[in-house]
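Me: Can you walk me through this protein one step at a time? I'm new to reading structures.

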Amino acid sequence: MKVFITRVIPQAGKDLLLAAGHTIEEWTEKRNLTPAELVAHCSDADALLSAGSNKIDAAFLDAAPHLKVIALHAVGYDNVDVAAATRHGIPIGNTPGVLTNATADTAFLLMLATSRKAFYLHKRIIRGEWNFFEPTANLGISLDGKTLGIFGMGSIGQNMARRCKAAYGMQVIYHNRRRDDTAEKELGATYVDFNTLLQQSDVLSVHAPLTPETQGKFNAAAFAQMKPSAIFVNTARGSLHNESDLIAALEGGQIWGAGLDVTNPEPMHPDNVLLQMPNVCVLPHIGSATQETRDAMAVLAAQNIIAGLKGERLPAVVNPEVYG
Ligand SMILES: NC(=O)c1ccc[n+]([C@@H]2O[C@H](COP(=O)([O-])OP(=O)(O)OC[C@H]3O[C@@H](n4cnc5c(N)ncnc54)[C@H](O)[C@@H]3O)[C@@H](O)[C@H]2O)c1
Ligand SMILES: O=C(O)[C@H](O)CO
């Protein structure tokens, strides 16, 4: 059967699809498919392997009647109208778990790099501004024993908390849709309401999915409650924070710094003022970008498609309700 793949993915995933007897068509241009191009390529496809942010909504599903399964090369599925897919009888697969460590590493990297102004100081060396050692210049913030706040205590949030506790003995507080026993027992994490999370965190790391409830959650009102010494880290989705409010909070000293793997829009414009700020580190959405992790994501996405095309339950399914 034909599988359409929206971006070049690791060979490990493609090998699995080919070994299962499927044919592959892969979009290799280094630009996003337009919605019309996606429809055109899916018009005779049995499965879609979507790597990227293409909108998968009711209109698309109506226009691609052959599709039997859609697998995302991602854990986040905010680009998918899941209810519409379920109505169309199409299981949606994603890649949870296999990218947890790599993404938590990225959050940890951004926290530490921001706390020491690493990206800004690197740029100063390139500009020839490393002139002499100054005991009172280039100072960052120590993380030892500080309070880590996690918004979204799922797989990646818990992993980030584990890393911060092991490395810095950080106290962990969290806000989630519901309390999490594992986080409380294993990590000694304390559940707090959203305002307390804002007020008490020295580092606030965002790990919740993008939904109507979380969109724009970190706005002027939220930043105003945070400590002037706080670091905001977002590796979830750029739309969870309001970018102009974040810039104003950094400029106004309401918070100290920010580490971002995700922005809105993506890619971030090179002239963005955040890229010039000493206490800000920005990465180009590389949360899961290790060779091993991307291979594992491609393999799981392929396994989802192979199962879906056999009419079997996907190993990682977003909409189990599709099975009735
Ligand atoms: N930067 C990257 O490359 C990258 C990589 C992987 C994942 N992500 C993002 O990270 C997100 C989390 O991934 P995960 O694997 O940890 O998912 P997960 O489902 O294991 O965890 C998400 C947690 O957020 C909580 N949550 C949901 N809505 C909430 C709300 N309104 N308020 C508070 N908490 C809420 C859930 O209860 C859950 O505990 C993904 O949805 C994705 O958007 C980004
Ligand atoms: O959700 C994810 O897995 C990453 O952000 C890649 O899109």
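Here is a short round of questions and answers on what you see above.

Me: What kind of model is this, and how many helices and strands are in the protein chain?
Reply: Good place to start: this is a predicted model, so keep that in mind all the way through. Going along the protein chain, the tally comes to 12 helices and 12 strands.

Me: How does the radius of gyration of the protein chain sit against the globule rule?
Reply: For 324 residues, the globule rule gives 20 Å. The protein chain is close to that, so it is as compact as a globular protein of that length. Its C-alpha atoms fill a box of roughly 65 × 50 × 30 Å along the principal axes. The radius of gyration itself is 21 Å.

Me: What share of the residues in the protein chain is buried?
Reply: A residue counts as buried if 20 or more other C-beta atoms lie within 10 Å of its own. Out of the 324 residues in the protein chain, the buried share is 41%.

Me: How far apart are the centres of domain 1 and domain 2?
Reply: First, the split: domain 1 takes 2-98 + 290-323, and domain 2 takes 100-282. The contact between them uses six residues from domain 1 and six residues from domain 2. On the domain 1 side, those residues are one nonpolar, four polar and one charged. Taken over C-alpha atoms, the distance between the two centres is 31 Å.

Me: Which residues does UniProt list for the NAD-binding feature?
Reply: UniProt has an unreviewed entry here, and it lists a "D-isomer specific 2-hydroxyacid dehydrogenase catalytic" domain at residues 3-319. In the model, the span 109-287 is 33% helix and 15% strand, and its end C-alpha atoms lie 10 Å apart. That span is the one that the unreviewed UniProt entry gives for "D-isomer specific 2-hydroxyacid dehydrogenase NAD-binding": residues 109-287.

Me: Which helix gives the most to the shell around ligand 1?
Reply: Ligand 1 is surrounded by 31 residues, and the closest are G76, G152, G154, P209 and G287. Both domain 1 and domain 2 supply at least three residues each. Among the helices, α5 (100-115) and α7 (155-168) each supply at least two. With three residues, the top giver is α7.

Me: How many of the residues around ligand 1 are nonpolar, polar and charged?
Reply: Picture that shell of 31 residues again. Sorted by type, it comes to 11 nonpolar, 16 polar and four charged.

Me: Where in the chain are P265 and P267?
Reply: Each of these prolines comes with a cis peptide bond. One joins N264 and P265, with omega about 5°, and another joins E266 and P267, with omega about 0°. P265 is in the loop between β11 (257-260) and β12 (280-282), and the place of P267 is also the loop between β11 and β12.

Me: Is N138 buried, exposed or partly exposed, and what about H285?
Reply: Neither is a glycine, yet N138 has a positive phi near 60° and H285 has one of about 50°. N138 sits in the loop between α6 (118-126) and β6 (147-151), while H285 lies in the loop between β12 and α12 (291-309). Now count C-beta neighbours: buried starts at 20 and exposed stops at 12. N138 has 14 within 10 Å, so N138 is partly exposed; H285 has 19, so H285 is also partly exposed.

Notes. Residues are numbered from 1 along each chain as its sequence is written. Chains are lettered from A and ligands numbered from 1 in the order in which they are written. This is a predicted model: local features need pLDDT of at least 70, side-chain atom pairs count only at pLDDT 80 or more; totals for chains, interfaces and linings use all residues. Domain bounds come from an automatic or database domain assignment. Two residues are in contact if their C-beta atoms, placed from the backbone, lie within 7 Å. Ala, Val, Leu, Ile, Met, Phe, Trp, Tyr, Cys and Pro count as nonpolar, Asp, Glu, Lys and Arg as charged, and the others, Gly among them, as polar. UniProt positions are given in the numbering used here, feature names are shortened, and annotations may be inferred rather than shown by experiment. Helices (H or I, at least four residues) and strands (E, at least two) are DSSP runs, numbered from the N terminus. The radius of gyration is taken over C-alpha atoms; the globule rule is 2.2 Å times the number of residues to the power 0.38. A residue is near a molecule or strand if its C-beta atom, placed from the backbone, lies within 6 Å of it.
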